[in-house]
Amino acid sequence: MSSFTFRRTAVAGGVCAALLLAGCSSTTDDQAAATEADTVTVSDQWVKAADTGMSAAFAQLSNTGDQDVRIVSVTSPASTRMELHEIATGADGATVMREKQGGITIAANGTHPLAPGGDHLMLMDLTAPLTPGVTTTFTLTFEDGSTTAFDAQVRDFSGNQENYDPTGGHDTTPAAAITAPGHGG
């Protein structure tokens, strides 16, 4: 083998090794760059029709990742204020809805329903009527700062007339719950 052929073979081998290493590091970088939002899918999403005041949005949240993820906030152009809500038993034994402290956790490789009578996305101070058949957008923000957006169709729904506990049930003095007719949480 001539020295020219040997150098050419060595250079070609070096280029192949560099490309192989670059391909491996790219995969590692892609895995490291995955966010909580990247592992969550939203399905069966809908929002309760309402003319004014409050409403609620529901969906099935699925986490395809190997670690739990936490939703810490939600926004929508349909409402000036939104909260992540849960249904709980109030101090007087009545069922109330309240802000879910710590957000909503979706277990690794698991699902978490947002459903009437359970956890849901609460729209407060609607910006316009939510009319059946219209679609509105929601953006979920996760603990790592990543976000995912989804659209939900507005539907008629008359169920679940819980009371809203503005203290979140975390105040030691009993507070009068606010009745939220038609909110659908």
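Here is a short back-and-forth about the strands, core and aromatic rings of this predicted model.

Reader: What should I know about the model before we start?
Author: It's a predicted model, where local features need pLDDT of at least 70, side-chain atom pairs count only at pLDDT 80 or more, and totals for chains, interfaces and linings use all residues. Residues are numbered from 1 along each chain as its sequence is written, and side-chain values use heavy atoms, with hydrogens and water left out.

Reader: Which residues make up the covered face of strand β9?
Author: Strands here are DSSP runs of E, at least two residues, numbered from the N terminus. In a regular strand the side chains alternate between the two faces of the sheet. In β9 (residues 135-142), the uncovered face carries Thr135, Thr137, Thr139 and Thr141, while the covered face carries Thr136, Phe138, Leu140 and Phe142.

Reader: How many bridges pair β9 with β10?
Author: Two strands count as paired if DSSP finds at least two bridges between them. On one side, β9 runs antiparallel to β3 (residues 69-75) with four bridges, and serine 73 is matched with threonine 141. With β10 (residues 147-155), where leucine 140 is matched with threonine 148, the pairing is also antiparallel, and the bridge count is seven.

Reader: Which glycine takes a positive phi in the hairpin of β9 and β10?
Author: That hairpin has four residues between the strands. The phi in question is near 90 degrees, and the residue is glycine 145.

Reader: Which residues have the most contacts inside the largest nonpolar core?
Author: A nonpolar core is a set of buried Ala, Val, Leu, Ile, Met, Phe, Trp, Tyr and Cys residues joined through side-chain atoms within 4.5 Å. Buried means under 20% relative accessible area, exposed over 50% and partly exposed in between, with a 1.4 Å probe and protein chains only. This core has 26 residues, and elements giving two or more of them include β1 (40-48), β2 (55-63), β8 (120-126) and β9. The ones with the most contacts are Ile71, Leu121, Leu123, Phe138 and Leu140.

Reader: Which strands does β2 pair with, and over how many bridges?
Author: β2 is mostly covered, with eight of its nine residues buried. It runs antiparallel to β1 over six bridges, with threonine 41 matched to serine 62. Serine 62 is also matched to threonine 111 in β7 (residues 111-114), which is antiparallel to β2 with four bridges. The remaining antiparallel pairing, over three bridges, is with β8.

Reader: How many aromatic pairs turn up in the whole structure?
Author: Rings of Phe, Tyr and Trp (its six-membered ring) pair if their centres lie within 6.5 Å; planes under 30 degrees apart are stacked, over 60 edge-to-face and the rest tilted. A search of the whole structure gives three.

Reader: Why does the pair of tryptophan 46 and phenylalanine 58 tie together separate parts of the chain?
Author: The pair is tilted, at 4.6 Å centre to centre and 40 degrees between the planes. Tryptophan 46 sits in β1 and phenylalanine 58 in β2, so the pair joins parts that are twelve residues apart in sequence. Tryptophan 46 is buried at 11% relative accessibility, and phenylalanine 58 is buried at 2%.

Reader: Is the pair of phenylalanine 138 and phenylalanine 150 stacked or tilted?
Author: Both of these phenylalanines, 138 and 150, are buried. The ring centres of phenylalanine 138 and phenylalanine 150 are 5.5 Å apart with planes at 20 degrees, so the pair is stacked.
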